[in-house]
Amino acid sequence: MVQCFRFGYFAERISFRLDSCSSYRWVLAFVPLLFLFLIGGYVGRPFYPFPIKSKVADGNRQPLQTFRPYNVAHRGSNGELPEETAAAYMRAIEEGADFIETDILASKDGALICFHDVTLDDTTDIADHKEFAYRKRTYEVQGVNVTGWFTVDFTLQELKSLGMKQRYKFRDQQYNGKFSIITFEEFISIALEAPRVVGIYPEIKNPIFINQQVKWADGRKFEDKFIDTLKKYGYKGSYMSKDWLNQPAFIQSFAPSSLIYISNLTDLPKIFLIGDVTIPTQDTNQSYWEITADGYLEFIKQYVVGIGPSKETIVPTSNNYLLTPTDLVVKAHAHDLQVHPYTYRNEDTFLHFDFHQDPYAEYDYWINNVGVDGLFTDFTGSLHNFQEWTSPSSDDSKASKLLHKIASMMSTHGRV
Ligand SMILES: *[C@@H]1O[C@H](CO)[C@@H](O)[C@H](O)[C@H]1NC(C)=O
Ligand SMILES: *[C@@H]1O[C@H](CO)[C@@H](O)[C@H](O)[C@H]1NC(C)=O
Ligand SMILES: *[C@@H]1O[C@H](CO)[C@@H](O)[C@H](O)[C@H]1NC(C)=O
């Protein structure tokens with residue numbers, strides 16, 4: 001490992017495993033940001049969004065690739081670093097993400113934060129914070145009683161005092177407690193500061209629950225605040241428009257009523273998420289079968305450009321082997337809807353036996369056999385490598401691939 005910069009603890013943490021310095025210099029721009037996290041996180045100081053020196057005006061940035069399926073960095077590179085942290089997102093950008101993906105929830109005082117679960121239990125060190133022990137509650141969330149420490153019972157300042165940790169025990173635990181929760185605005189700033197065009201892919205998470213629990217002083221609701229934030233940073237424009245290509249964004253939600261509501265507020269492209277076949281929609285209580293029927297796809301396509309189904313709804317599995325694919329991709333494509341399934345993960349425990357423990361075999365199957373348009377991955381680097389080998393993005397890499405091929409043909413034929 002080449003240590004490029006020594007700007008204190010966080011920069012070192014972030015620069016781990018970098019073997020070439022030059023392309024990572026932009027990380028330097030985040031050093032002050034990371035110190036702010038440190039101060040905000042561990043001294044308990046109020047934290048406010050810092051000013052963004054947007055690189056959007058820089059017309060020389062490498063544009064978003066649009067010729068192959070999108071690499072969507074699910075919660076950042078959370079296979080390597082605690083999910084939805086600045087470090088996980090910056091790592092994903094280094095590794096080639098087209099979009100960085102996040103879940104938006106709210107704090108008690110109405111700040112929009114990047115956080116997946118309604119409770120803090122599984123991905124923060126909340127259990128070690130004795131001062132918050134009494135805040136443990138039970139709420140009914142989507143028809144189920146859930147007990148834990150809820151984001152909606154903590155102010156942003158309190159949330160900033162927690163350390164994030166890995167969700168899965170079999171992933172690298174050394175970064176636990178090192179990074180704090182970030183706000184939606186901080187997340188946006190990471191995308192805007194990237195050295196090339198990197199899109200964002202935020203989810204309106206648990207909107208029914210958030211609107212029940214969090215009240216904004218101006219009477220606006222969660223979805224309004226979500227769209228206000230995107231507008232504040234210049235996100236606008238329909239899919240593939242000039243504005244969109246300059247600052248690409250997909251808005252995702254499992255709640256069709258939120259997607260329909262915001263379609264009056266923004267023309268940014270939206271993706272309708274589809275869960276497990278047993279789970280009804282959280283707002284309209286429709287079954288999986290209802291929302292994947294042709295009639296419904298025809299209806300929802302007025303509001304969305306695609307669907308984001310769980311992988312199992314496209315290729316069901318049994319005994320860890322793949323079964324025959326459903327017609328969901330064919331149906332969606334027939335309605336001109338993109339398909340961005342979730343979630344691709346490298347570890348044995350998630351890979352089906354058909355792929356003989358090879359994540360590249362899984363990407364090959366989904367991209368070249370199933371024909372998806374985007375993939376939510378926990379390991380952006382692996383997907384990026386696969387795509388660069390099989391469908392390279394630049395003339396440079398095409399040329400080097402050709403040279404490689406020629407070299408290997410020559411050596412195979414014993415003429416070198
Ligand atoms: C949740 O708990 C409350 C209080 O015990 C109970 O009244 C309610 O029926 C429970 N809801 C569900 C969905 O189990
Ligand atoms: C969208 O705006 C139109 C016109 O103001 C209104 O009639 C309609 O109810 C709105 N739709 C939603 C879902 O809010
Ligand atoms: C949702 O739909 C199911 C099946 O139609 C029904 O049994 C259930 O009562 C509904 N739940 C709500 C909260 O409306």
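In the predicted model, Ile100 is in contact with Ala73, Gly76, Tyr89, Ala92, Ile93, Ala191, Val198, Ile200 and Tyr201, neighbours within four places in sequence being left aside. Ile100 also belongs to the largest nonpolar core, which holds 89 residues. Together with Tyr89, Phe99, Ala106 and Ile113, Ile100 is among the members of this core that touch the most other members. The largest share of the core comes from helix 3 (residues 86–94), which supplies 7 residues. In soluble globular proteins, nonpolar side chains tend to be buried together.

The protein chain comprises 416 residues, of which 42% count as buried. Its secondary structure consists of 15 helices and 14 strands. Where contacts link residues at least 6 apart in sequence, 69% of them join residues at least 24 apart.

Strand 4 (residues 137–141) pairs with strand 5 (residues 144–148) in the antiparallel sense, and 5 bridges connect the two. Val141 stands opposite Val144 of strand 5. The two strands form a hairpin with 2 residues between them. In this hairpin, Gln142 adopts a positive phi near 50 degrees.

The surroundings of ligand 1 involve the same segment of the chain: the residues around the ligand are Glu140, Gly143, Val144 and Asn145. Of these, Glu140 falls within the range of strand 4, while Val144 and Asn145 fall within that of strand 5. By class, the shell around ligand 1 contains 1 nonpolar, 2 polar and 1 charged residues. Val144 thus appears both in the shell around ligand 1 and opposite Val141 in the strand pairing.

Notes
Residues numbered from 1 in each chain as written. Chains lettered and ligands numbered in written order. Predicted model: local features only at pLDDT ≥ 70, side-chain atom pairs only at ≥ 80, totals over all residues. Near = placed C-beta within 6 Å. Nonpolar A, V, L, I, M, F, W, Y, C, P; charged D, E, K, R; others polar. Helix = DSSP H or I, 4+ residues; strand = E, 2+ residues; numbered from the N terminus. Buried ≥ 20, exposed ≤ 12 C-beta atoms within 10 Å, placed from the backbone. Contact = placed C-beta atoms within 7 Å. Core = buried A, V, L, I, M, F, W, Y, C linked by C-beta atoms within 7 Å. Pairing = 2+ DSSP bridges.
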